[in-house]
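I opened my notebook to look up a few backbone oddities and one side chain. The entries below are in the order I made them.

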Amino acid sequence: MDFNTQPTPAAGLAAVAADALLVVVVGNAMPSSLDKPLATLLSDAVAQGDFEFKANRCLYMHRPAGLQATRLAWVCAPNDSAKAFKSALAAGLAAVKALGVSTLAVARAGAETLTDTHAEALAAAVADAVYVYRHTKPSAPAAPKLSKAILVGGKKESASLARGLVRGAAIAAGVDLARECANRPANHATPSFLASEARRLGKQYGMKVEVLDRRQIEKLGMGSFLAVSQGSAEPPRFIVMRYDGAAKHKAPIVLVGKGITFDTGGISLKPAAEMDEMKFDMGGAASVLGTLRALGELRPKVNVVGLIPACENMPGGRAVKPGDVVRSLSGQTIEILNTDAEGRLILCDALTYAERFKPAAVVDIATLTGACVVALGHHHTGLFAADESLAADLLAASRHALDPAWRLPLDEEYDEALKSHFADMANVGPRPGGAITAAMFLKRFTAKYPWAHLDVAGTAWKSGAAKGATGRPVPLLTHFVLARAAA
């Protein structure tokens, strides 16, 4: 996808040459800034009842009189925020993407200056509209012809808009990668596949990549990680990626992604209904790969390490059992009361491994708990942080990226639920506050650095008619890293 910006022609939007012109009308009244051909078309549509100034209301016109563009679409945004702009674009793109449009021009009417955030929102909306999964579906519909999007704005804003489009295109590429990895079925997206994707990114962007096999993982002493993997015929992989954009002495940011490529629940077997969606349980790992791809495109001056513990959680004669006690890389022992609480068992060893990088901050990303979905639904990612500054940075990044997160507590009282008679801790507590006790479990392995946890169980994929991976929280993570680089 090619993204560009151009100033509004002197003759107005009617002179914009494109296969289609999409005009986002901001507010609840006729905009005064429209040139005469467009003003006439819009006022007539309103008078006829074909268009209303309501959020995401859309109207398509073919070969409109007085315009160079072959097609014209109107869509309403209730305000001039980037969030409303992105939502309106999604509605407008739905009306034109299936047509023979290869070049789309986008403009606003009824609002002041466009910003780089609006430009980034355009790239995200277009990339989402044209994404089609086809790796295991040869019969998938043809991809939309749309290959170029032009943001029409003022001359003064052109440099800012260009920066926003570059950033948005890089993040969109990362989101696409994360979606593609998570959408593939588990017999394709294995731990070895994730390792090969990491190596491919390393080669493409000059990153250092190391992949540890079972013997090397055993030698390290990652007993908790290995316990989860021991029921599967698929070999585990521990993936270490390094993006070195700053001086060697600069402490890196470490991103840790849960890479359960399929989760049956193990001996604590899940119900059959919707178990197919457990191929998405490596959404955290996919988001780390996607974020590193975005950073590879943008080249910020910062050091980032990506850690991905990858394996399957399967039942079988060698599978870990409820009541088993394992020793983690930290030396702490864990009583596994529920084998379906496996994500924290692989993450805890990766969090201990992160200590060797003497990190400036560590953020783990995981489709960790159904309890987080109950608490926050599918809009906000759950954020847990033991460091106030890190929490503030991640929340700010979520707002700037239009990738919302909501902070949940880590009060010490919740830690009582993890007490065990037979080990240093249990891997689960009672059902109430399950997302919090899961985060409290991880917190026990993070005393040596600033740490945060993102529970993306409700946001990394969609169920139902729109079933598929979302690529979240790649935008949030990329903005977080870019802000740290700028600081």
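My notes on this predicted model follow.

Entry one, background. I reminded myself that most peptide bonds are trans and that most residues other than glycine have a negative phi. I then searched for exceptions.

Entry two, a peptide bond. I found a cis peptide bond joining Arg-472 and Pro-473, with omega at about 5°. I looked up where Pro-473 sits: in the loop between strand S20 (468-469) and helix H13 (474-486).

Entry three, positive phi. I noted Asn-56, which is not a glycine but has a phi near 70°. I placed Asn-56 in the loop that runs between helix H1 (36-47) and strand S3 (58-62). Is Asn-56 buried, partly exposed or exposed? I read a relative accessibility of 30%, so Asn-56 counts as partly exposed.

Entry four, another positive phi. I found a phi near 45° at Arg-63, again a residue other than glycine. I located Arg-63 in the loop between S3 and strand S4 (71-77). I put Arg-63 down as exposed because its relative accessible area is 62%, and the cut-off for exposed is over 50%.

Entry five, a histidine. I went to helix H13 and picked out His-479 there. Why did I write "buried" beside His-479? I did so because its relative accessible area is 12%, and buried means under 20%.

Which residues does His-479 touch, leaving out those up to four places away in sequence? I listed Glu-120, Arg-167, Ile-171, Ala-397, His-400 and Ala-401.

Notes:
Residues are numbered from 1 along each chain as its sequence is written. This is a predicted model: local features need pLDDT of at least 70, side-chain atom pairs count only at pLDDT 80 or more; totals for chains, interfaces and linings use all residues. Side-chain values use heavy atoms; hydrogens and water are left out. Helices (H or I, at least four residues) and strands (E, at least two) are DSSP runs, numbered from the N terminus. Buried means under 20% relative accessible area, exposed over 50%, partly exposed in between (1.4 Å probe, protein chains only). Contact means heavy atoms within 4.5 Å.
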